[in-house]
Amino acid sequence: MEQLSQLVSELRSAQCVTVLTGSGISAESGIPTFRDVQTGLWARFRPEDLATPHAFHQNPSLVWDWYSWRRDMVLQASPNAGHIALVELEDWLVKRSDSFYLITQNVDGLHQRAGSRQVVELHGSLLRSKCSSEGTVFDDWPKGHGSPPACPQCGAFLRPDVVWFGETLPEQALQTAWKAAQNCDWFFSVGTSSLVEPAASLSSIALQNGATLVEINPAETHLSSRAHFSWRSPAGQALPVLLLALFGDQGKLVP
Ligand code: OAD
């Protein structure tokens with residue numbers, strides 16, 4: 001990127017960095033982005049039609065099997081250089097006693113597996129399940145007990161612990177994300193089409209509060225024209241380049 005040296009010299013004096021990620025950051029781990037997710041048997045379904053309470057009510061088995069397929073894909077994948085670079089960025093800021101927030105719309109858990117410590121999951125996690133009746137959350141998915149399996153406590157269907165279209169986001173996660181957008185002096189939007197609210201509003205909140213906005217995405221989005229730095233590159237390439245420029249040869253960006 002032409003303005004990389006300017007970006008890096010300004011970023012060195014950052015005091016609070018907030019990063020919002022979307023499914024694009026996991027693309028280089030082999031996980032298709034949310035809107036590209038459908039392949040093979042699932043190609044005839046639109047993700048927007050499966051990720052809803054209505055779809056689960058109509059056909060719980062279909063929805064469970066779809067998430068099961070996505071979950072298997074995620075468990076076979078590994079974090080990529082983009083995820084790892086964000087861990088380095090967090091370490092750098094925390095060592096300087098500055099603030100870092102990682103807000104993700106992803107449900108794949110790859111930031112945590114890369115080593116990020118403070119991850120705010122706006123849309124839940126498909127590694128967890130929860131009771132569709134009482135909402136009790138389970139850290140895992142029970143194996144081989146029906147599709148979907150029954151809640152061990154009340155017998156209702158289990159569902160993935162993700163946020164579906166039409167459902168409200170977890171209150172605590174949303175509040176943290178909102179504050180992180182309000183209080184940061186740098187906001188990175190990485191690998192998201194910025195189409196889905198309320199996540200899409202976070203960059204506007206940051207801008208309104210005077211933050212510098214950096215977008216990393218190989219494609220143009222409606223956010224691109226408002227970004228101070230619009231970096232048209234895959235996250236797995238751009239983020240390591242950014243960190244290498246920040247740290248020089250001291251960087252340890254080994255995927
Ligand atoms: P989308 O599929 O809408 O957008 C993915 C974005 O990633 C696109 O803008 C791509 O250009 C970009 N992209 C692709 N490859 C990339 C790469 N290697 N590096 C960086 N960017 C890349 O996915 P999201 O924006 O994550 O919510 O979608 C947000 C939410 O929409 C999802 O969490 C989901 C859906 O509604 C729920 O299910 C609640």
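Eight aromatic pairs, written as 8 in the count, are held by this structure, which is a predicted model. One of them joins F56 and F157, whose ring centres lie 6.4 Å apart with planes at 80 degrees, and because an angle over 60 degrees counts as edge-to-face, the pair is given that name. This pair links distant parts of the chain, since F56 belongs to helix α3 (residues 53-58) while F157 sits in the loop between β5 (137-138) and β6 (158-162), 101 residues away in sequence. The two partners can also be described by their accessibility: F56 is buried, with a relative accessible area of 8%, whereas F157, at 40%, counts as partly exposed.

F56 also pairs with W164, and here the ring centres are 5.3 Å apart and the planes stand at 40 degrees, so the pair is tilted. Because F56 lies in helix α3 and W164 in the loop between β6 and α7 (171-183), the pair ties together parts of the chain that are 108 residues apart in sequence. W164 is buried, with a relative accessibility of 3%. Both residues belong to one aromatic cluster, formed by F56, W66, Y67, F157 and W164.

The ring of W164 has a charged neighbour as well, for R159 lies over its face at 3.7 Å from the ring centre. A similar arrangement is found for R96, which lies over the face of W92 at 4.1 Å from the ring centre.

V63, in helix α4 (residues 60-76), brings the description back to two of these aromatic residues. Leaving aside neighbours within four places in sequence, V63 is in contact with L50, A55, F56 and W164, and with a relative accessibility of 0% V63 counts as buried. The C-alpha atoms of V63 and A51 are 7.5 Å apart in space, although the two residues are separated by 12 residues in sequence.

Another buried position is S116, found in the loop between α6 (110-114) and β3 (119-121). Its relative accessibility is 5%, and because buried means under 20%, S116 falls into that class. Residues up to four places away in sequence not being counted, S116 touches V87, E90, L102 and H111.

The helices can be considered next. Two packed helices are described by the angle between their axes and the distance between the axes. The table gives these values for two helix pairs.

| Helix pair | Axes come within | Crossing angle |
|---|---|---|
| α1 (residues 4-11) and α9 (residues 235-247) | 10 Å | roughly 60 degrees |
| α7 and α8 (residues 199-208) | 7 Å | roughly 35 degrees |

For the pair of α1 and α9, whose axes cross at roughly 60 degrees, the angle makes α1 oblique to α9. The crossing in which α1 passes α9 is right-handed, and the contact is made by L4, L7, V8 and L11 on the side of α1 and by V241, L242, A245 and L246 on the side of α9.

The crossing of α7 past α8 is likewise right-handed. In this pair, A177, W178, A181 and Q182 of α7 meet S201, L202, I205 and A206 of α8.

Technical notes. Residues numbered from 1 in each chain as written. Predicted model: local features only at pLDDT ≥ 70, side-chain atom pairs only at ≥ 80, totals over all residues. Heavy atoms only, no water. Phe/Tyr/Trp six-rings, centres within 6.5 Å; stacked < 30°, edge-to-face > 60°. Helix = DSSP H or I, 4+ residues; strand = E, 2+ residues; numbered from the N terminus. Buried < 20%, exposed > 50% of the residue type's maximum accessible area, 1.4 Å probe, protein only. Lys NZ or Arg CZ within 6 Å of the ring centre and 35° of its normal. Contact = heavy atoms within 4.5 Å. Axes fitted to C-alpha atoms, helices over the stretch in contact; angles between N-to-C directions. Parallel < 35°, antiparallel > 145°, perpendicular 65-115°, else oblique. Left-handed = near helix turned anticlockwise from the far one by under 90°.
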